[in-house]
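Open the model in your viewer and keep the selection box handy. Each stop below gives a selection, then what to look for.

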Amino acid sequence: MNQKNLSNINSFRSVCLITTVAVFLLILIGGIVRSTGAGMGCPDWPKCFGSWVPPTSVDQLPPNYPEIYVTKRVEKNERFASLLSNMGLAHLAEEIRNDKSIHEQEPFNATKTWIEYLNRLAGAVIGLLIILTLIFSFKLRSIDPKIMWLSVLSLVLVLFQGWLGSVVVSTNLLHWMISVHMVVALFMVCLLLYIYYRSGKLIAKDSQFDLPINITSRYRLLLGIGIVLMVVQIILGTQVREQIDIIAKNSGYLNRSSWIDELGLTYYIHRTYSLIILGLHLFIGYQLFPYRAQNKKITSHYVVLMALFVAVIISGIIMAYFGIPAFIQPLHLFLGSLIIGFQYYIWLELGQNKTAPINIA
């Protein structure tokens, strides 16, 4: 490979990695928005209270601002409900039309407004980074054209995610829309990781892996199952979070220590389920451990993965026994998303092995 192509690949990978890290940070920021109850800090989208720079005082808003933004939200939701009906999802459409919370407008709160606004600014930065990733991918189209097209897909996905964000706002944080929004964010992370990984394969030194095929295929399958289980776990977590939001609102955001006791079956499934996932990954790590010398890179990534599992379980314990501290909630979600990222990247690494199989007990 000539020096120019090598330079283009390295430049692309740097931009792609920065973009991926930024998406992870946006997930963390989104968690902060949720934990502070700032999700409806801006009642419209993409502007905030009809302006690109949000107000700092209620005096800057018209007296009838609640009616103005409720009316706009109802109109937008009707268009979204019609779209769902045309897609054959009439039940979901009716759920949105009959949701009384859509007609509720939270009182203006400058702190919540600016937290949500900063979240949107971070989203805009992600959009610019995705565009930059696409621009840098053009230089690789003669080497691997799929990288460019995957970068185009990432731009389409971030635009779709932005539209979903507007729907989340218009539906007044409808619970299943928040789950869809989160799943799309995780898919975006995995797409960017694949683009980064694929570009790395163009460099010879990043393609040298030495694990037996029958080892990698077996545990790659198990790790794939682990990824699916972890996605389900995060969806369960968003449902638990929805229950917490309802309990918090009903209690006036007081007596945080009693919130856990009011959670239902989903919380106990979520808690027990985490131990099953941890056990699966401990088993995979134990089986791969004897081959650590043959591939130190995968081993080091797997050590980080297990450390993340320990950290996310500790954060869950802190929430359960210390009154759900607000600062732990976004961290818990952030760690969960990092776990999926590391799971997926290790899964990709195991898949590129070409070493002959060996007999094992």
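This tour of a predicted model goes from a loop to a helix, then to a cavity, a pocket and two more helices.

**Stop 1: the loop after helix 1**

Select Trp-45 and Pro-46. The peptide bond joining them is cis, and its omega is near 5 degrees. Pro-46 sits in the loop between helix 1 and helix 2 (65–86).

Now pick Phe-49. This residue belongs to the loop between helix 1 and helix 2. Its phi is positive, near 55 degrees, in a residue other than glycine. Is Phe-49 buried or exposed? Phe-49 is buried, at a relative accessible area of 8%.

**Stop 2: Arg-120**

Select Arg-120, in helix 4 (residues 110–137). Arg-120 counts as buried because its relative accessible area is 13%, and the cut-off for buried is under 20%.

Show everything around the side chain. Leaving aside residues up to four places away in sequence, Arg-120 touches Cys-42, Asp-44, Trp-45, Pro-46, Lys-47, Cys-48 and Val-169. Both partners of the cis peptide bond, Trp-45 and Pro-46, are among these contacts. Next, draw a distance to Cys-42. Its backbone oxygen lies 3.2 Å from a polar atom of the Arg-120 side chain.

**Stop 3: a cavity**

How many cavities of 30 Å³ or more does a search of the whole structure find? The search finds two. Go to the second largest cavity, with a volume of about 50 Å³.

Select its lining: Met-40, Gly-41, Phe-49, Gln-105, Glu-106, Pro-107, Phe-108, Asn-109, Lys-112 and Thr-113. Phe-49 from the first stop is one of them. Color the lining by class. You should see four nonpolar, four polar and two charged residues.

**Stop 4: a pocket between helices**

Move to the second largest pocket, which has a volume of about 280 Å³. Its lining holds 14 residues. Select Leu-17, Leu-193, Tyr-196, Phe-342 and Tyr-345, which lie nearest the centre.

Which helices each supply at least two residues of the lining of this second largest pocket? They are helix 1 (3–35), helix 6 (175–200), helix 9 (296–321) and helix 10 (328–351). By class, the pocket lining has eight nonpolar, three polar and three charged residues.

**Stop 5: Leu-186**

Stay with helix 6 and select Leu-186. Leu-186 is buried, with a relative accessible area of 5%. Beyond residues up to four places away in sequence, Leu-186 touches Ile-27, Ile-234, Ser-337 and Ile-340. Draw a C-alpha to C-alpha distance to Ile-27. The two are 8.9 Å apart in space, yet 159 residues apart in sequence.

**Stop 6: helix 9**

Select helix 9, which has 26 residues. From its first C-alpha to its last, helix 9 reaches 38 Å, close to the 38 Å expected at 1.5 Å a residue. The buried residues in helix 9 include Ile-298, His-301, Tyr-302, Leu-305 and Met-306. Farther along, Phe-309, Val-312, Ile-313 and Met-319 are also among the buried residues. Step on to Gly-323, which follows helix 9 and has a positive phi, near 70 degrees.

**Stop 7: helix 8**

Finish on helix 8, residues 265–288. Its 24 residues reach 35 Å from first C-alpha to last, close to the 34 Å expected. Color its buried residues, among them Tyr-267, His-270, Tyr-273, Ile-277, His-281, Ile-284 and Leu-288.

Key. Residues are numbered from 1 along each chain as its sequence is written. This is a predicted model: local features need pLDDT of at least 70, side-chain atom pairs count only at pLDDT 80 or more; totals for chains, interfaces and linings use all residues. Side-chain values use heavy atoms; hydrogens and water are left out. On a 1 Å grid over the protein atoms alone, a cavity is a set of points where a 1.4 Å probe fits but cannot get out, and a pocket is an open set with protein on both sides within 12 Å along at least five of seven lines; lining residues have an atom within 4 Å of a point. Grid points are joined across faces, edges and corners, and a volume is the space filled by probe spheres set on the points. Ala, Val, Leu, Ile, Met, Phe, Trp, Tyr, Cys and Pro count as nonpolar, Asp, Glu, Lys and Arg as charged, and the others, Gly among them, as polar. Helices (H or I, at least four residues) and strands (E, at least two) are DSSP runs, numbered from the N terminus. The expected span of a helix is 1.5 Å times one less than its number of residues. Buried means under 20% relative accessible area, exposed over 50%, partly exposed in between (1.4 Å probe, protein chains only). A polar contact is a pair of N or O atoms within 3.5 Å; within protein, one must be able to donate a hydrogen and the other to accept it, and residues adjacent in sequence count only if both atoms are side-chain atoms. Contact means heavy atoms within 4.5 Å.
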